[in-house]
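The exercises below are to be worked with the sequence and the model side by side. Each task is followed by a solution in steps.

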Amino acid sequence: MSPPASPLAARDSIRRHSRSFSLASRLLPADKRADVERLYAWCRWCDDGVDHAASASEATDFIERAARDLRLVVDGETPLAPESLWFAAVERRHGLSVEAAQAFLAGMRSDLDPVEGMRVDDLMRYCFRAAGAVGVMMCPILGLRDSAFLPNAAALGIGMQLTNIARDVAEDWRRSRCYLPIAWTDGLRPGPAPPDEERARRGVRQLLDTADGFYDAGELGVAALDRDSRFAVRAAGRIYDAIGAKIRRREYRVLDGRTRVSFPEKLRLLAGLAAPWAWSHRLPAGKPRVEESLAVSRQLLLEHGVEL
């Protein structure tokens, strides 16, 4: 068995927990892939530390330990938890956004005290913390040098998280969580009974319609990455977008089972991206939903102290 913070353990983490990200990461050069795996493994360790805690107090203690380790890394010291060495190694090589890492931990903390009346603004903030911040942390690894494109990176992460939420409505409900805004679902909130299907479907439809603008905004930033990073990032976005497409084909019935994109379907997506015409596609920057998504991403970056 590999030591907790070894490169092999990081690779095992991404392969066990996310087949989609694992497949996309394999399209990167070996050095970038290894650092993406380390960052993913740290994020997964943080996420699991909250989700698998025996109690809310244990989860709170875990987050405090992770935050303390983050402060040690920022101060140039060695963190205490072996898993924090993953983050330390990548941060020292690439200078990751500490503010984005702090936002990510804030997202983990917010799961312990869910918003009672989830508003659209609450949803956007949560999606930024849970995934948009991860996209921002990935940027130095993937070669982004112009901070003007950080909103695009955050937008792609937000789009993916919106898709995650749409896919996981039933699973979240069993954990007494519901990220669907009350304005989209006529006040649907967790309770002992299963969620009302029609109200959940309306919320999921709105989630995926909103995600479209964030995926498009993310697409516009891909060209700002290193050339050898672009295919992998676009692949990750398209695979997640395909989950939303399957949910749409199922008429937003997410309570019947978890929607997945099969390995052959992923390969077909990759083959389509490899076609010459796939890279000639460009979205109009003035498209209203793209501009709105970028404006939301910029505001959230500034709110969390990330410099643009």
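**Exercise 1. Burial and overall form**

Task: State what share of the 308 residues of the protein counts as buried, and find whether the radius of gyration agrees with that of a compact globule.

Solution. The model is a predicted one. Step one: a residue is buried when its relative accessible area is under 20%, and 55% of the 308 residues of the protein meet that condition. Step two: for a chain of 308 residues, a compact globule would have a radius of gyration near 19 Å. The protein has 19 Å, so the two agree. Step three: the C-alpha trace spans about 55 × 50 × 40 Å along its principal axes. Step four: take the contacts between residues at least 6 apart in sequence; 71% of these join residues at least 24 apart.

**Exercise 2. Secondary structure**

Task: Count the helices and strands of the protein, then compare the span of helix α12 with the expected one.

Solution. Step one: there are 14 helices and 0 strands. Read along the sequence, the pattern is therefore α-α-α-α-α-α-α-α-α-α-α-α-α-α. Step two: helix α12 covers residues 227-249, which is 23 residues. Step three: the expected span is 1.5 Å times one less than the number of residues, and for α12 this comes to 33 Å. From its first C-alpha to its last, α12 reaches 34 Å, close to the expected value.

**Exercise 3. Residues with positive phi**

Task: Locate glutamate 251 and serine 176, and give the phi of glutamate 251 and of serine 176.

Solution. Step one: glutamate 251 comes just after α12, in the loop between α12 and α13 (263-274). Its phi is positive, about 60°, although glutamate 251 is not a glycine. Step two: the relative accessible area of glutamate 251 is 44%. This value lies between the 20% and 50% limits, so glutamate 251 is partly exposed. Step three: serine 176 sits in the loop between α9 (169-174) and α10 (182-185). Serine 176 is also a residue other than glycine with a positive phi, near 60°.

**Exercise 4. Three residues compared with the cut-offs**

Task: Decide whether arginine 19, serine 55 and glycine 157 are buried, partly exposed or exposed, and place each in the chain.

Solution. Step one: arginine 19 belongs to helix α2 (residues 19-25). Its relative accessible area is 66%, so arginine 19 is exposed. The C-alpha atom of arginine 19 is separated by 26 Å from that of glutamine 206, which is 187 residues away along the chain.

Step two: serine 55 is in the loop between α3 (30-51) and α4. With 31% relative accessibility, serine 55 counts as partly exposed. Between the C-alpha atoms of serine 55 and leucine 207 there are 30 Å, and in sequence the two are 152 residues apart.

Step three: glycine 157 is part of helix α8 (residues 150-167). A relative accessible area of 7% makes glycine 157 buried. Leaving aside neighbours within four places in sequence, glycine 157 is in contact with Ala131 and Gly132. From glycine 157 to alanine 131 the C-alpha distance is 4.7 Å, across 26 residues of sequence.

**Exercise 5. A cavity and a pocket**

Task: Describe the lining of the largest cavity and of the second largest pocket.

Solution. Step one: the structure holds 1 cavity of 30 Å³ or more, and the volume of the largest cavity is about 30 Å³. Step two: the residues that line this cavity are Trp42, Ala66, Asp69, Leu70, Val73, Ser84 and Phe87. Two or more lining residues come from each of α4 (56-74) and α5 (84-94), and the largest share, 4 residues, is from α4. Step three: by class the cavity lining has 5 nonpolar, 1 polar and 1 charged.

Step four: the second largest pocket holds about 270 Å³ of space. Of its 16 lining residues, Val120, Met124, Phe214, Glu292 and Val296 lie nearest the centre. Step five: α7 (120-142), α11 (197-219) and α14 (288-303) each supply at least two residues of the pocket lining, and α14 gives the most, with 7 residues. Step six: this lining divides into 6 nonpolar, 4 polar and 6 charged residues.

How values were computed: Residues are numbered from 1 along each chain as its sequence is written. This is a predicted model: local features need pLDDT of at least 70, side-chain atom pairs count only at pLDDT 80 or more; totals for chains, interfaces and linings use all residues. Side-chain values use heavy atoms; hydrogens and water are left out. On a 1 Å grid over the protein atoms alone, a cavity is a set of points where a 1.4 Å probe fits but cannot get out, and a pocket is an open set with protein on both sides within 12 Å along at least five of seven lines; lining residues have an atom within 4 Å of a point. Grid points are joined across faces, edges and corners, and a volume is the space filled by probe spheres set on the points. Ala, Val, Leu, Ile, Met, Phe, Trp, Tyr, Cys and Pro count as nonpolar, Asp, Glu, Lys and Arg as charged, and the others, Gly among them, as polar. The radius of gyration is taken over C-alpha atoms; the globule rule is 2.2 Å times the number of residues to the power 0.38. Buried means under 20% relative accessible area, exposed over 50%, partly exposed in between (1.4 Å probe, protein chains only). Contact means heavy atoms within 4.5 Å.
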